[in-house]
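I opened the file today and kept notes as I went. Here is the entry, in the order I looked things up.

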Amino acid sequence: MIRDVTAADAEAIARIYNHYVCESVVTFEENAVAREEMARRIQDVQASGLPWLVKQLDGIVVGYAYAGPWKQRSAYRHSVESTVYIEAGCMGRGVGFELYSSLLEALRATQTHAVIGGIALPNAASIALHEKLGFRKIGQFHEVGRKFERWVDVAYWQLLL
């Protein structure tokens, strides 16, 4: 089941996200995010009128996807940056594709024109997911992040709706 996020989902979302914060370079955040902070982030996305979705299996949140503003300048108002995170044990089961497809469908119902996904490299699974959904690589920044004592590249994929 995929549904809109609620404030009650903040704890599960923080748990999913914090795995990536603490164990990978997928996010450049370096400190675990508290439930309260995640609830604030959810509220900010909802207040902007953009979608935040969760996927449940057997009543448990196993993934989430949302879109946030690409940049703050008004001319960027039709562009968003997309985010999707899946419970580590649910990878490879189609959860990401289902969530991301639903997010793109929700974005098509808005004034969104461009969806941009940033991927810390290497990340073959995320690249495959984006390209399966029609995203195309548009650029790469070299060594722009440093986490776990190593430099990390970030590339961007874009989909025009």
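My notes run from the strands to the cysteines, then to a surface patch and a helix.

**Strands.** Before anything else, I noted that this is a predicted model. I started with strand β3, residues 60–69, and asked how many of its 10 residues are buried. I got seven, so I put β3 down as mostly covered, going by the cut-off of under 20% relative accessible area for buried.

Next I checked what β3 pairs with. On one side I found strand β2 (residues 52–57), antiparallel to β3, with six bridges between them. On the other listing was strand β4 (residues 79–86), also antiparallel to β3, joined to it by seven bridges.

I picked Ala65 to follow across the pairings. In β2, Leu53 stands opposite Ala65. In β4, Val84 is the bridge partner of Ala65.

I also looked at the hairpin of β2 and β3, where two residues sit between the strands. Asp58 has a positive phi there, near 50°.

**Cysteines.** How many disulfides are there? My count is zero. I wanted to know why Cys22 has no bond. The closest cysteine sulfur to that of Cys22 belongs to Cys90 and lies 19 Å away, which is too far, because a disulfide needs the two sulfurs within 2.5 Å. I ran the search from Cys90 as well, and it led back to Cys22 at 19 Å.

Are these cysteines buried or exposed? Cys22 is partly exposed, at 41% relative accessible area. Cys90, at 7%, is buried.

**Surface patch.** I then went looking for nonpolar side chains on the surface. I found a patch made of Phe28, Phe141 and Val144, and together they have about 280 Å² of accessible area. I looked up Phe141 on its own: this residue is in strand β6, residues 136–147. Its relative accessibility is 48%, so I logged Phe141 as partly exposed, since exposed would need over 50%.

**Helix α4.** Last, I went through helix α4, residues 124–132, and listed Ser126, Leu129 and His130 as buried. Looking down the axis of α4, I saw these buried residues fall within an arc of 95°, so they line one face of the helix. I jotted down the usual reasoning: an α-helix has 3.6 residues a turn, so residues three or four places apart point the same way.

Which exposed residues does the face turned away from the buried side of α4 carry? I found Ala124 and Lys132 there.

Terms used. Residues are numbered from 1 along each chain as its sequence is written. This is a predicted model: local features need pLDDT of at least 70, side-chain atom pairs count only at pLDDT 80 or more; totals for chains, interfaces and linings use all residues. Side-chain values use heavy atoms; hydrogens and water are left out. Buried means under 20% relative accessible area, exposed over 50%, partly exposed in between (1.4 Å probe, protein chains only). Helices (H or I, at least four residues) and strands (E, at least two) are DSSP runs, numbered from the N terminus. Two strands pair if DSSP finds at least two bridges between them. Patches are made of residues with over 30% relative accessible area and no salt bridge: like charges are joined within 9 Å, nonpolar side chains (Val, Leu, Ile, Met, Phe, Trp, Tyr) within 5 Å. Accessible areas come from the Shrake-Rupley method with a 1.4 Å probe; for residues, only the protein chains shown count as cover. A salt bridge is a side-chain nitrogen of Lys or Arg within 4 Å of a carboxyl oxygen of Asp or Glu. The arc is that of the directions from the helix axis to the C-beta atoms.
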